[in-house]
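Trainee: I am new to this structure. Could you show me how to read it, a feature at a time?

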Amino acid sequence: MKNKKENKQTLSKILAILYCLTFIIFIAVVIKVDILPKTTLILFCSLFTLFSILLIIQIRSSKIKKFARVLGYCVSILLIITFVTTSTYALQTLSFLNNTSTSKSVEFSNIVKEPFNVCITGIDVNGEIDEQGRSDVNMIVTVNPNTEQILLTSIPRDYEIYLSEYDNASDKLTHTGFIDTDTTIKAEEDLLDIDIDQYIKINFSTVTQFIDAIGGVDVYSEYEFTPVKMKDWTVQEDMNHMNGKQALAFARERKAFIDGDIQRTKNQQAVFEAIIKKSTNSKTLLFDYTKILSGIEDYFEMSFSAKDIKSLIKFQLIKSPQWKIYKNTLIGGDAYIPTYSTGYTEVYVMSQNQESIEQAKTLINGVLNGDKLTKNEEGLVYIETNNSEEEITN
């Protein structure tokens, strides 16, 4: 009987020590991650500490009834598992942010208070992110956290641009990927007369790895077609559930469409929108979080600092914004001209359409300035002003 009592006391002591250790580590990680508002963090830590003290008393005191002590054992074990899991997730996140960010800034971030532009450049290669290739995906994401609006502006890969760093030589946007990301960004800034604040660089491996890790995405297609890169699969008109390989083939296809590259940019936007929706709602992220981050770490690069991402997470947790997503694509003409990258050899280039460029500028600046976008039944997007509504684009 005595041995049995001593065993129970030893068990409760070991459990109490284990709980205290994991609790201390958990609180330290929560403070280090810094995604909670200061007041919430203080309140959270204070209440959890008080609760933990009461829980330790419950499992250690011999005066507590057996049922209550057993309940305390169960709660403490569940919390230990929670502490370990949460701490692992948090530390994995910090590691991912530090390893994929090219920024080491620790300055105060206004990213959740001021609108900003992000360049997404998708390189047409598999493998690690430092592999060079054509910039096949070129998208400007304009985010206004105050109006909770996101505008996706796609630029076709063959769009005509001018390289200010090379005597304003003419080239097509996709070739800037062979030079560097800075050249891609500068070309887009000059084209649209905007400032790009951040960039995200991805490649084929990023897309397939991430989409497979979240269990696929549901993507809307305007047409039924069979992708050249996957001739054994047919995309249905309407919604399609796609794995990583299928989504990539869908986003790369252009030969199946009369509009070619224009439709391809629309499909890329559809995949990007599907990823946003799945990522913010998927239970997969909860259960496979560390696997997802470790799986795409070598295929992802960004200029956002860890502090920027923490601010965005904190903003999402506190405000729970209902993001409204709008899409626009630049259009142009057909031309065959020599380019900076090809020398005297003439290649296909989508020549600039100044009206389309001006429309894109208007939309982007409208979102940055806090104007509200709306869309009619035909998909035409408008900027609402105090005096009138101006039709912009599809």
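Mentor: Let's look at a helix, then the nonpolar cores, then one residue in a strand. Keep in mind that this is a predicted model.

Trainee: What span should helix α4 have, from its number of residues?

Mentor: The general idea is to allow 1.5 Å a residue, so the 12 residues of α4 (181–192) should span 16 Å. The end C-alpha atoms lie 17 Å apart, which agrees.

Trainee: Where does D180 sit relative to α4, and what follows the helix?

Mentor: D180 caps the N-terminal end, with a side-chain oxygen 3.3 Å from the backbone nitrogen of D182. After α4 comes D193, which has a positive phi, near 55°.

Trainee: How many residues of α4 are buried?

Mentor: Buried means under 20% relative accessible area. In α4, 9 of the 12 residues are buried, so the helix is largely enclosed by the rest of the structure. Among them are I185, A187, L191 and L192. Their cover includes β1, β2, β12 and α11.

Trainee: Which residues touch the most other members of the largest nonpolar core?

Mentor: In that core of 45 residues, they are V141, I200, V219, F250, V271 and F304. Beyond four places in sequence, V271 touches I211, V219, A247, F250 and A251. Apart from this core lies another, of 27 residues, including I185 and L192.

Trainee: Is Q149 in strand β3 buried or exposed?

Mentor: Its relative accessibility is 1%, so Q149 counts as buried. The side chain of Q149 makes a polar contact with that of T147 (3.3 Å). A polar atom of the Q149 side chain also lies 2.8 Å from the backbone oxygen of D371.

Conventions: Residues are numbered from 1 along each chain as its sequence is written. This is a predicted model: local features need pLDDT of at least 70, side-chain atom pairs count only at pLDDT 80 or more; totals for chains, interfaces and linings use all residues. Side-chain values use heavy atoms; hydrogens and water are left out. Helices (H or I, at least four residues) and strands (E, at least two) are DSSP runs, numbered from the N terminus. The expected span of a helix is 1.5 Å times one less than its number of residues. Buried means under 20% relative accessible area, exposed over 50%, partly exposed in between (1.4 Å probe, protein chains only). Contact means heavy atoms within 4.5 Å. A polar contact is a pair of N or O atoms within 3.5 Å; within protein, one must be able to donate a hydrogen and the other to accept it, and residues adjacent in sequence count only if both atoms are side-chain atoms. A nonpolar core is a set of buried Ala, Val, Leu, Ile, Met, Phe, Trp, Tyr and Cys residues joined through side-chain atoms within 4.5 Å.
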